[in-house]
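Here's a quick tour of the model you're about to load. Keep the viewer open and follow along.

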Amino acid sequence: MLAVLITGAVVSKGYQEESAVKFSESGKAVWFRVGKKVYDPQAKDNRRWVNLNVKGFNYMVERVQKMQLKEGVYVNIRGRLDEDEWTDKKGDTRRNLVVIAEDIEYPAQGEGRRRAEPYFPEYPSGHAVLC
């Protein structure tokens with residue numbers, strides 16, 4: 001596994017009016033997406049969004065519930081990089097990178113533009129943000 005540290009990422013809005021933060025029926029898993037604007041000299045205005053899927057299990061579910069995590073807030077996440085694999089409706093095997101969260105927190109106050117209040121980034125037109 002690869003260790004991952006994400007700082008100052010924004011919890012993404014849910015896809016097509018779905019909740020931004022989802023919990024399994026058993027209450028043992030949680031998943032959501034985070035995004036962060038990064039420097040890219042090839043992109044318009046030299047910036048683009050990088051979005052990552054995040055999953056948490058067991059104690060992380062309780063932690064996310066206590067935080068009352070919602071779309072638009074900034075978070076720091078420590079975890080490990082993994083790969084999800086599933087079969088789509090056509091029968092094709094699909095893969096996607098996912099961060100397995102081991103710790104999550106709100107950034108400390110005064111860290112630049114980061115804040116615990118909702119922030120809704122404007123995504124470039126045509127840019128899909130899926131949860």
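Let's start at the helix: the buried residues of α1 pack against β2, β3, β4 and β6. Keep in mind that this is a predicted model. The protein chain has one helix and six strands, and from the N terminus on the order reads β-β-β-β-α-β-β.

**The helix and its two sides**

- Which residues of α1 are buried? They are Met60, Val61, Val64 and Met67.
- Looking down the axis of α1, you'll find its buried residues within an arc of 130 degrees, so they line one face of the helix.
- The general background is that an α-helix has 3.6 residues a turn, so residues three or four places apart point the same way.
- Flip to the other side of α1 and you get Tyr59 and Lys66, which are exposed.
- Right after α1 comes Gln68, with a positive phi near 55 degrees.

**The nonpolar core**

- The largest nonpolar core counts 21 residues, and the ones with the most contacts inside it are Val11, Phe32, Val34, Leu69, Ile77 and Ile104.
- At least two residues of this core come from each of β1 (2–11), β3, α1 (59–67), β5 and β6.
- Leu69 is a handy one to click on: leaving aside residues up to four places away in sequence, Leu69 touches Val11, Val21, Phe32, Val64, Val75, Ile104 and Tyr106.
- One of those partners, Val64, is also among the buried residues of α1.

**How the strands pair**

- β5 (residues 74–87) and β6 are antiparallel partners, with twelve bridges between them.
- Thr87 has Thr93 in β6 as its bridge partner.
- The hairpin of β5 and β6 leaves five residues between the strands, and Gly91 there has a positive phi near 90 degrees.
- β6 (residues 93–105) also runs parallel to β4 (residues 47–57), joined by three bridges.
- Along that stretch, Val54 sits opposite Val99 in β6.
- As a general rule, side chains in a regular strand alternate between the two faces of the sheet.

**Salt bridges**

- How many salt bridges does the structure hold? There are ten.
- In general, side chains of opposite charge can pair when their charged atoms come close.
- Glu102 forms a salt bridge with Arg78, with the closest N and O atoms 3.2 Å apart. This pair links distant parts of the chain, as Glu102 is in strand β6 and Arg78 in strand β5, 24 residues apart.
- Glu102 is partly exposed at 26% relative accessibility, and Arg78 is partly exposed too, at 42%.
- Arg80 forms a salt bridge with Glu102 as well, the closest N and O atoms being 3.1 Å apart. Arg80 lies in strand β5 and Glu102 in strand β6, so this pair ties together parts that are 22 residues apart in sequence.
- Arg80 has a relative accessible area of 29%, which makes this residue partly exposed.
- Through shared partners, the salt bridges join Arg78, Arg80 and Glu102 into one network.
- Elsewhere, the side chains of Arg48 and Asp40 meet in a salt bridge at 2.7 Å, N to O.
- Is Asp40 buried or exposed? Asp40 is buried, because its relative accessible area of 15% falls under the 20% cut-off.
- Its partner Arg48 is partly exposed, with a relative accessible area of 38%.

**A loop glycine**

- Gly27 is in the loop between β2 (22–23) and β3 (29–39), and is partly exposed with a relative accessible area of 36%.
- Gly27 and Asn58 are 31 residues apart in sequence, and their C-alpha atoms are 7.9 Å apart in space.

**Whole-chain numbers**

- Of the 131 residues in the protein chain, 34% count as buried.
- The accessible surface of the protein chain is about 8,700 Å², and carbon and sulfur atoms own 47% of that.
- Take the contacts in the protein chain with a separation of 6 or more: 64% of them are between residues 24 or more positions apart.

Notes. Residues are numbered from 1 along each chain as its sequence is written. This is a predicted model: local features need pLDDT of at least 70, side-chain atom pairs count only at pLDDT 80 or more; totals for chains, interfaces and linings use all residues. Side-chain values use heavy atoms; hydrogens and water are left out. Two strands pair if DSSP finds at least two bridges between them. Helices (H or I, at least four residues) and strands (E, at least two) are DSSP runs, numbered from the N terminus. Buried means under 20% relative accessible area, exposed over 50%, partly exposed in between (1.4 Å probe, protein chains only). A nonpolar core is a set of buried Ala, Val, Leu, Ile, Met, Phe, Trp, Tyr and Cys residues joined through side-chain atoms within 4.5 Å. Contact means heavy atoms within 4.5 Å. Accessible areas come from the Shrake-Rupley method with a 1.4 Å probe; for residues, only the protein chains shown count as cover. A salt bridge is a side-chain nitrogen of Lys or Arg within 4 Å of a carboxyl oxygen of Asp or Glu. The arc is that of the directions from the helix axis to the C-beta atoms.
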